[in-house]
Amino acid sequence: QVQLVESGGGLVQAGGSLRVSCAASGRTFSSYAMGWFRQAPGKEREFVADVSWSGDSTYYADSVKGRFTISRDNAKNTVYLQMNSLKPEDTAVYYCAADLGDGWGEGYWGQGTQVTVSS
């Protein structure tokens with residue numbers, strides 16, 4: 001079992017920055033990949049970024065590449081998503097997820113944190 005709790009969401013103006021965090025507990029944090037997803041009103045949940053268990057490998061959706069950075073601190077059992085140059089279309093509920101080897105759909109998810117970007 002893995003428990004995930006996101007924090008750090010809020011309201012920011014377009015062009016601004018925000019960092020969201022996800023604290024994990026349960027199974028050994030450094031043994032699984034972590035990811036961020038988001039869901040905007042009326043839209044399906046979409047992939048944003050992920051990071052390998054070691055933090056050495058990252059992958060981003062084209063829509064956020066160059067603006068967002070995912071990182072993890074295995075000593076703190078926390079994964080971060082630094083979001084820069086935010087756009088109104090980045091407005092969504094952001095979820096962190098843990099992939100224990102069976103894919104995101106079979107993994108664990110947090111409750112989400114709202115990020116709102118005003119124009």
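Q: What makes the four strands with the order 1-3-8-7 an open sheet with antiparallel pairing, and which strands stand at the edges?
A: In this predicted model, the four strands follow the order 1-3-8-7 and pair in the antiparallel sense. Strands are DSSP runs of E of at least two residues, numbered from the N terminus, and two of them pair if DSSP finds at least two bridges between them. Strand 1 (2-7) and strand 7 (68-73) each have a single partner strand, so one side of each lacks a neighbour in the sheet.

Q: How do you know that strand 1 and strand 3 pair?
A: Strand 1 and strand 3 (residues 18-26) share six bridges in the antiparallel sense, set against a requirement of at least two. Within this pairing, Q3 stands opposite S25 and L4 stands opposite A24.

Q: What makes the side chains along strand 1 alternate?
A: V2, L4 and E6 point to one face and are buried, whereas Q3, V5 and S7 point to the other and are not. In a regular strand, side chains alternate between the two faces of the sheet.

Q: Why is F37 called buried and W109 partly exposed?
A: Buried means under 20% relative accessible area, exposed over 50%, and partly exposed in between (1.4 Å probe, protein chains only). F37 has 8% relative accessibility and therefore counts as buried. W109 has 29%, so W109 counts as partly exposed.

Q: Why is the aromatic pair of F37 and W104 called edge-to-face?
A: Rings of Phe, Tyr and Trp (its six-membered ring) pair if their centres lie within 6.5 Å; planes under 30 degrees apart count as stacked, over 60 as edge-to-face and the rest as tilted. The centres of F37 and W104 are 5.4 Å apart, with 70 degrees between the planes, and the pair is therefore edge-to-face. F37 lies in strand 4 (residues 33-39) and W104 in the loop between strand 9 (92-99) and strand 10 (108-109), so the pair ties together parts 67 residues apart in sequence.

Q: Why is the aromatic pair of F37 and W109 called tilted?
A: With 4.8 Å centre to centre and 55 degrees between the planes, F37 and W109 form a tilted pair.

Q: How do you know that the radius of gyration agrees with a compact globule?
A: The radius is taken over C-alpha atoms, and the globule rule is 2.2 Å times the number of residues to the power 0.38. For 119 residues, a compact globule would have a radius near 14 Å; the chain has 13 Å, which agrees.

Q: How are residues numbered, and which pLDDT values apply?
A: Numbering starts from 1 along each chain as its sequence is written, and side-chain values use heavy atoms, leaving out hydrogens and water. Local features need pLDDT of at least 70 and side-chain atom pairs count only at 80 or more, while totals for chains, interfaces and linings use all residues.
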